[in-house]
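Student: I am new to this one and would like to understand the words used for it. Could we go through it together?

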Amino acid sequence: MHKIESKDVHLYYGSFHALKGISIVIEKNTVTALIGPSGCGKSTYLRLFNRMNDLIDNVKIEGQCLIDGKNIYSREINIEDLRKRVGMVFQKPNPFPKTIFENVAYGLRVNGITHSTFIEERVERSLRQAALWEEVKDKLKKSAMELSGGQQQRLCIARALSIEPSVLLMDEPASALDPISTAKIEELIYELKSEYTIMIVTHNMQQAGRVSDYTGFFYLGELIEFDTTKKIFTNPTDTRTQNYITGRFG
Amino acid sequence: MNKRIKEQLAFWTFRVLSFLVIAILFSILGFILYNGFSVLSWDFISKMPEDGMTKGGIYPAIIGTLYLIAGSMLFAFPIGVMSGIYITEYARDGLLKRFVKLMTNNLAGVPSIVFGLFGMALFVNKMEFGDSILAGSLTLSLMVLPVIIRTTEEALLAVDNGFRHASYALGATKLQTIGRVVLPMSLPNIITGMILSIGRVSGETAPILFTVAAYFLPKLPTSIYDQVMALPYHLYVIATSGTNIEQSRPMAYGTAVVLILIVLILNLIANALRKYLGKKYKIS
């Protein structure tokens with residue numbers, strides 16, 4: 001059984017055909033990069049897997065999206081349960097205007113966990129996983145808004161990890177950060193791979209090359225090519241892929 | 001005329017006009033303070049009216065107004081905030097939402113005397129509350145409902161969608177997202193709506209005229225079915241139809257001063273609360 005699979009997925013925003021029959025298979029504990037020019041559908045595709053597209057009016061989805069072999073768009077699926085299993089990190093760091101501690105504890109609290117020692121342990125572990133613990137352990141009661149952009153983004157990663165998802169979706173997680181913070185996030189992605197299955201949307205070719213095992217190239221709502229990152233970056237089959245990664249358009 | 005002079009002329013016109021607004025406010029306050037200052041004393045705010053309201057204090061009217069503020073907020077605040085939440089967070093864009101918003105705006109445009117008449121017909125007569133704090137508070141709350149709904153809407157819309165999405169992405173339900181993230185962040189701005197409505201509730205005469213206000217009632221209410229005196233109506237009474245208008249004129253100004261002070265103090269308290277909450281949920 002594959003970890004993540006999509007079978008001939010079409011998505012429409014009203015009459016706009018945003019995803020045109022996307023089929024991908026992703027294995028457990030791998031990092032998959034989704035690349036392509038703006039508006040190609042890669043973020044939309046990413047958001048299929050925690051059903052964030054459901055928040056937009058007038059969206060129609062066809063085809064199948066499976067996680068652990070189960071169609072996540074079937075009726076039996078509870079959206080909140082799904083989102084617990086599929087964490088997400090957004091482009092813009094968006095910590096809540098709460099304390100650092102409460103930011104990480106939020107996901108636990110909304111899922112009904114009240115045991116305070118358990119929450120404390122989980123918060124510490126998540127912050128360690130996100131390589132932020134050493135920087136914030138003395139100021140957990142301070143507002144998350146006082147952290148730098150890079151720290152905020154790692155806090156958001158810790159927040160996503162706190163509820164122990166098995167899949168992590170990252171939508172250009174480093175595009176709003178400086179090079180040093182970006183390097184930290186990339187290092188983190190590499191380490192998290194052993195426990196999570198990661199999908200990452202990125203505009204940065206080098207980043208895709210550095211962090212991912214597989215790469216999918218999207219163009220105008222179609223998946224042009226999907227292969228190992230090595231293959232895509234050294235010997236792409238399609239000329240459009242080649243043109244994009246060599247910087248001739250996009 | 002060259003560009004520079006035009007520019008200067010426009011700048012000075014705007015500047016003078018905005019100072020004019022301040023000047024108007026200060027002249028009203030100055031005029032009232034000047035005329036009413038002489039009667040202000042502890043007795044004035046703590047005693048019953050005496051000698052056909054030409055002497056004594058305005059204690060029952062102060063208490064009456066405070067009851068009406070509390071009563072109307074008790075109804076209008078939760079209903080208004082919940083309506084605002086429904087409109088911004090739940091209702092989908094479409095005919096129904098547009099209709100609800102349009103009607104809210106229309107409600108805001110209804111003259112206050114019409115609310116007074118409606119309140120009398122519905123609460124006083126039909127529901128048999130009689131002239132009472134209950135009927136008056138309900139009438140006032142209808143009047144300020146649109147203010148609270150509108151400010152709630154705007155406060156909620158000001159919360160960036162990124163926070164909502166972050167919450168949903170962690171498996172939170174819509175209700176949890178609103179209760180734990182959106183509402184705490186917008187509370188400072190929602191309180192602004194409350195401040196505005198407290199000002200209106202304490203100052204309006206027409207809605208309480210037929211629903212609660214007593215001409216002269218030198219005792220305090222004992223239940224929500226009692227009538228009360230209220231500051232704006234008391235002011236109206238002793239300025240136009242008292243037993244001796246000339247003699248009670250300073251009392252009228254004094255009443256106005258007290259009314260303004262109450263609104264000012266309540267605004268300061270609400271503002272402090274807003275600042276405190278704004279700091280607690282600091283958004284940068």
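Tutor: Happily! Let us begin in chain B, where α7(B) passes α8(B) in a right-handed crossing. Keep in mind that this is a predicted model.

Student: What makes α7(B) roughly antiparallel to α8(B)?

Tutor: Look at the angle. Helix α7 (residues 161-169) of chain B and helix α8 (residues 174-203) of chain B pack at about 160 degrees, and their axes are 10 Å apart. Angles over 145 degrees count as roughly antiparallel, so α7(B) earns that description against α8(B).

Student: Which residues of α7(B) and α8(B) meet?

Tutor: From α7(B) come Phe163(B), Arg164(B), Ser167(B) and Tyr168(B), and their counterparts in α8(B) are Thr177(B), Val181(B), Val182(B) and Met185(B). Sorted by class, this contact has five nonpolar, two polar and one charged residues.

Student: How many residues of chain B are in contact with chain A?

Tutor: There are 20 from chain B, in contact with 22 residues of chain A. On the chain B side, α7 and α8 each supply at least two residues. The largest share, six residues, comes from α7(B). By class, the side of chain B that touches chain A divides into ten nonpolar, six polar and four charged residues.

Student: Let us cross to chain A. Why is Val110(A) called buried?

Tutor: Count its surroundings: Val110(A) has 23 other C-beta atoms within 10 Å. The cut-off for buried is 20 or more, so Val110(A) qualifies. You will find Val110(A) in helix α3 (residues 100-110) of chain A.

Student: Which residues is Val110(A) in contact with, leaving aside its neighbours within four places in sequence?

Tutor: Its partners are Leu170(B), Gly171(B), Ala172(B), Gln176(B) and Arg180(B).

Student: How do α3(A) and α6(A) cross?

Tutor: Their crossing is right-handed. The axes of α3(A) and helix α6 (residues 149-161) of chain A come within 7 Å and cross at roughly 35 degrees. In α3(A), the residues that meet α6(A) are Ile100(A), Asn103(A), Val104(A), Tyr106(A) and Gly107(A), and on the α6(A) side they are Leu155(A), Ala158(A) and Arg159(A).

Student: On to the strands. What makes strand β3 of chain A mostly covered?

Tutor: Five of the five residues in β3(A), residues 31-35, are buried. Val31(A), Ala33(A) and Ile35(A) point one way, while Thr32(A) and Leu34(A) point the other way.

Student: How do you know that β3(A) pairs with β8(A) and β9(A)?

Tutor: Pairing asks for at least two bridges. With strand β8 (residues 197-201) of chain A, β3(A) has four bridges in the parallel sense, and Leu34(A) has Val201(A) as its bridge partner there. With strand β9 (residues 214-219) of chain A, β3(A) also has four bridges in the parallel sense, and Ile35(A) has Phe217(A) as its bridge partner.

Student: Chain A also has a sheet with the order β2-β1-β4-β5. Why do β2 and β5 stand at the edges?

Tutor: This open sheet of four strands has antiparallel pairing. β2 (16-26) and β5 (70-71) of chain A each have a single partner strand, so one side of each is left without a neighbour in the sheet. Elsewhere in that order, strand β1 (residues 4-13) and strand β4 (residues 59-67) of chain A pair over eight bridges in the antiparallel sense. Tyr13(A), for example, stands opposite Val59(A) in β4(A).

Note on methods
Residues are numbered from 1 along each chain as its sequence is written. Chains are lettered from A and ligands numbered from 1 in the order in which they are written. This is a predicted model: local features need pLDDT of at least 70, side-chain atom pairs count only at pLDDT 80 or more; totals for chains, interfaces and linings use all residues. Axes are lines fitted to C-alpha atoms, for helices over the stretch in contact, and angles run from 0 to 180 degrees between N-to-C directions. Angles under 35 degrees count as roughly parallel, over 145 as roughly antiparallel, 65 to 115 as roughly perpendicular and the rest as oblique. A crossing is left-handed if the near helix is turned anticlockwise from the far one by less than a right angle, and right-handed if clockwise. Two residues are in contact if their C-beta atoms, placed from the backbone, lie within 7 Å. Ala, Val, Leu, Ile, Met, Phe, Trp, Tyr, Cys and Pro count as nonpolar, Asp, Glu, Lys and Arg as charged, and the others, Gly among them, as polar. A residue is buried if 20 or more other C-beta atoms lie within 10 Å of its own, exposed if 12 or fewer, and partly exposed in between; C-beta atoms are placed from the backbone.
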